[in-house]
Amino acid sequence: MDKNFSNQLKRLMTENDITQKDLADKLKVTTATTSRWLSGEIMPRLDKILILCELFNIDLYSLLGIKDPYDLTEKEKRIISHYKNDPEFKLIVDRILN
């Protein structure tokens, strides 16, 4: 199903020295359930995903192994800043987009 998530979860467990049983106990699920998460067969429910974020002290995007849509490159940040601070640039961009 989702290998990004299962790979991230395996990595986090290894880095934090957490066993499958430890994880199951902390999330109040069976080891069979954690095994299915780790194999990528199923995804946890949202409440369990949020607990995993807290447990590993990471954001949702990192846990799911996807790019944060708000994580902008330096170039994108400069363009946005230019758009906000230069009325002429803003006008040109608005004309192009409209």
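The points below describe a predicted model of a protein, moving from its overall form to individual charged residues.

1. Secondary structure. The predicted model contains seven helices and zero strands. Followed along the sequence, the elements give the pattern α-α-α-α-α-α-α. Three of these helices return in the later points: α4, covering residues 46–56, α6, covering residues 74–85, and α7, covering residues 87–97.

2. Overall dimensions. For a compact globule of 98 residues, a radius of gyration near 13 Å would be expected, whereas the protein has 20 Å. Along the principal axes, the C-alpha atoms occupy a box of roughly 60 × 25 × 20 Å.

3. Burial, surface and contacts. Of the 98 residues in the protein, 22% are buried. The accessible surface amounts to about 7100 Å², and carbon and sulfur atoms account for 55% of that area. When contacts between residues at least 6 apart in sequence are considered, 49% of them join residues at least 24 apart.

4. Charge. The protein carries 16 positive and 16 negative side chains. The centres of the two sets lie 3 Å apart. A search of the whole structure finds six salt bridges, and three of the pairs are described in points 7 to 9, beginning with E41 and R36.

5. Lysine 48. K48 belongs to helix α4. This residue merits the reader's attention: K48 is buried, yet has no salt bridge. The nearest side chain of opposite charge is that of D47, 4.3 Å away. A salt bridge requires the nitrogen and the carboxyl oxygen to be within 4 Å, so the pair does not count as one. With neighbours within four places in sequence left aside, K48 is in contact with L27, K28, V29 and W37.

6. Glutamate 54. Helix α4 also holds E54. Is E54 buried or exposed? E54 has a relative accessible area of 68%, and residues over 50% are classed as exposed, so E54 is exposed. E54 and L23 are separated by 31 residues in sequence, and their C-alpha atoms are 13 Å apart in space.

7. The E41 and R36 pair. A salt bridge joins E41 to R36, with the closest N and O atoms 3.0 Å apart. E41 has a relative accessible area of 45% and is therefore partly exposed. R36 is likewise classed as partly exposed, at 36% relative accessibility.

8. The K77 and E74 pair. In helix α6, K77 and E74 lie three residues apart, which is about one turn of the helix. The two form a salt bridge whose closest N and O atoms are 3.5 Å apart. What is the exposure class of each partner? K77 counts as partly exposed because its relative accessibility is 41%. E74 has a relative accessible area of 51%, and this places E74 among exposed residues, for which the value must be over 50%.

9. The D94 and K90 pair. Both residues lie in helix α7, four residues apart, again about one turn of the helix. Their salt bridge has its closest N and O atoms 2.9 Å apart. D94 has a relative accessibility of 21%; since buried residues must be under 20%, D94 counts as partly exposed. K90 is also partly exposed, with a relative accessible area of 34%.

Notes. Residues numbered from 1 in each chain as written. Predicted model: local features only at pLDDT ≥ 70, side-chain atom pairs only at ≥ 80, totals over all residues. Heavy atoms only, no water. Helix = DSSP H or I, 4+ residues; strand = E, 2+ residues; numbered from the N terminus. Rg over C-alpha atoms; globule rule 2.2 N^0.38 Å. Buried < 20%, exposed > 50% of the residue type's maximum accessible area, 1.4 Å probe, protein only. Contact = heavy atoms within 4.5 Å. Areas by Shrake-Rupley, 256 points an atom, 1.4 Å probe, with all protein chains shown as cover. Lys, Arg positive; Asp, Glu negative; His and termini not counted. Charge placed at Lys NZ, Arg CZ, Asp CG, Glu CD.
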